[in-house]
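Let's walk through this model together, starting with one pair of strands and working outwards. Keep the viewer open as you read.

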Amino acid sequence: MLQIDRLSHSFKNGSEVTAVLRDISFRVHKGQMVALLGSSGSGKSTLLHLMAGLMKPTEGDILIAGHNIVSMSENRLAEFRRHHIGFIFQAYELLANLTVRENIELPLVFQSVQPSVRRKKALALLEQVGIPEKAELFPSQLSGGQQQRVSIARSLITEPSVIFADEPTGNLDTRTEEEILAILKELNKALDTTFVIVTHEREVAAQTEHILSLRDGYLITERQGFAEASLTGGPAIAIT
Amino acid sequence: MRLRDITRQSWDQVKRRKVVTALCAAGISIGCAAIIVAMSIGESAQIYIEQQMNSYLKMDEITVRANNGALADDSGGTADSDSLQQGRLTGQKLDIMRQIAHVSAAAPYLQIGHMQMTTMDNKSAQNPTELLGTDLETLASFGHSFLYGGLSDMQGTIVLSYGATLGLMDEETRDNLQKQMSGNYYDESLIRQMESLNRVPGELYQKQVRFVQYTPEGEAYSMPLRVVGVLAKPSGSTEDSIVYDKKGYISLETAEMLKKELKLDGERNGAFDTVIVKVDDQAYVEQVEKQIQKLTVTTETNLYQKERLAGEFKILKAAALGIGVFILIIASISIVVAMTMSTYQRRRQIGIMKVLGANLSQIRNLFIVEAALLGLLGGLLGVMFSYWIVWGINGLIYRLASEQDSVIIFIPLATIPVGMAFALATGIFSGIYPAVSASRTDALTAIRRD
């Protein structure tokens, strides 16, 4: 589903070149939930942005559902993102002028999907994330946890190949964090959607099947070592 | 992305960003109103002046005269009456003229001359009255209406113009006034008294009037005529001009009779002095004139006045349009600034949309439609403002103008789409730069919260 091959990225600051990611390769199979763990400056956010097609890497390939996004033009990438990538932001990033339902429908608006079809799908997803009664409210009328549920529903509406979640619980209290992680895990199982969760919190990463640890731009593979985490099947992540 | 979704989202932004919307719409509305008002004033003034000129110069009329051929150029040649038969203005030619397309009326005229008109109580006007023999039935077709009375089949009757009834006074009064005035030519009060007396209408309806003709030998011949109708004041004429419009219309039969009684020269032999042809639209005057000329007659119109006027107003209207467009250009700068600022403020939103799959053209379209909506809103406001402005101008004219039928500014319907189109175009063109700038927003930079 997601394949990263010999990915490197560096920033140029005048004559100085700073390597952020160094020769990273891994694969995530369909339906897996993977955590990308790393402290500040480890390169995890850069990796996430590269995988989401928001940046071009200095070297290497990124294949999502068999398509190499590195060589795609901006418009082609937009088209690709629209169908294959879901995104969950740390600060939810819902549009304040749209209702909850309209926010969820937004990715389908860019796909020119009929309003009745969009509406039906959005309401079904709201049901799945547990806030069906909030459909016609505006984001400002919701709590942080509820807004993140809306953000999750929005990422799922296009039935993407992979969903990238950028610190999805970063703005939430512990109780709400647990609720959101539970929802993600539940949706992962129910919909067989691939999730890549970027976090700096080991506790959050521990909730996923596999952890990819990043340190100073290098990838370190870890098996789950936490009691509450579960390992399913063999090694899903292959370091090449 | 569906047009409905683009429009809805753009309209949502227009509603949300009230200050930006108000600023942009106000700028566009002023420009749009300026265009509409300027064009309306130009158009109204042109129509008013055309109407005024038409009431004096009769630009929708063709004066047809007999064609005297080579004699007409005062070459001093002579010709026998038979050789001039071809150019005569006959009843047959009149009938043909009436059949020509776009001819709404054709009236034959016999010019009897300017004569002193005297009432039964010996009152007369200072200026003589022009006596015209015509087909009285055609008076209405030439825009005349009756203030008193109407047409009569009886011979020996006359229809007077309103001006012919003004300024009638007995000889003694006139002599007194003239005596007073002699030596006091600059006495304002006397001039005003004379003017006001010249404007007093006499009650001539159903009364007898007499026209007197003096022969070179000093013999006087006269004939009484009964006034069966008085025409209303022609529209557009002023109090001053009407005093000099002294005309008496009699039937062709009465004209023949009068000529005989007053021993006037000339035999009609079934021909007319002139025929006035009225065309239903000024646009066809030239075409009709060409067809009439085929009848070997001479024609004359005042159409060149209209062309001269149209040329002058074309310049005026172009200048007015230019002023409006200039204001719109200034307004468009405010839109560019306001929308660019709006784009900057919405960078994050644009970034999120891009992450969610919006491409360059979708973002661009959202902003262009938003700018177009601002243009539309400004245009609608501009139309509303222009009606208020025109209403205000008309109120001012009504207060200041001394004459009742002064110019009335109206908004021709055609100027509204012109104003709206300019407003819409200004919105769209002003939105292009902010829209392109918005579409080029780097999604990653926009969503970063560093």
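In this predicted model, strand β1 (residues 2–13) of chain A runs antiparallel to strand β2 (residues 16–28) of chain A, and nine bridges link the pair. If you would like a place to anchor your view, pick Gln3(A): its bridge partner in β2(A) is Arg27(A). Now follow the chain to the turn. β1(A) and β2(A) make a hairpin with two residues between them. Gly14(A) sits in that turn, with a positive phi of about 70°.

What pairs with β1(A) in the antiparallel sense over five bridges? That is β4(A). Gln3(A) is again a handy marker, as its bridge partner in β4(A) is Leu63(A). Step back a little and you can see the hairpin strands as part of an open sheet of four strands, in the order β2-β1-β4-β5 (chain A), with antiparallel pairing. The edges of this sheet are β2 and β5 (67–68) of chain A, each of which pairs on one side only.

Let's move on to a helix. Which residues of helix α2 (residues 74–84) of chain A are buried? They are Leu77(A), Ala78(A), Arg81(A) and His84(A). These residues lie on the same side of α2(A), because they cover an arc of only 155° around the axis. The general background will be familiar to you: an α-helix has 3.6 residues a turn, so residues three or four places apart point the same way.

What covers the buried residues of α2(A)? Within chain A, the cover includes β4 (59–64), which you met in the sheet, along with β6 (85–88) and β7 (162–166). Chain B takes part too, as its α10 (347–355) is included in the cover.

With those details in place, it is worth looking at each chain as a whole. Chain A has seven helices and 10 strands. Of its 240 residues, 47% are buried. For contacts in chain A between residues at least 6 apart in sequence, 68% join residues at least 24 apart.

Chain B, the one that supplies α10 to the cover of α2(A), has 13 helices and 12 strands. Buried residues account for 36% of its 450 residues. Among the contacts in chain B with a separation of 6 or more, 84% are between residues 24 or more positions apart.

Definitions and conventions. Residues are numbered from 1 along each chain as its sequence is written. Chains are lettered from A and ligands numbered from 1 in the order in which they are written. This is a predicted model: local features need pLDDT of at least 70, side-chain atom pairs count only at pLDDT 80 or more; totals for chains, interfaces and linings use all residues. Two strands pair if DSSP finds at least two bridges between them. A residue is buried if 20 or more other C-beta atoms lie within 10 Å of its own, exposed if 12 or fewer, and partly exposed in between; C-beta atoms are placed from the backbone. Two residues are in contact if their C-beta atoms, placed from the backbone, lie within 7 Å. The arc is that of the directions from the helix axis to the C-beta atoms.
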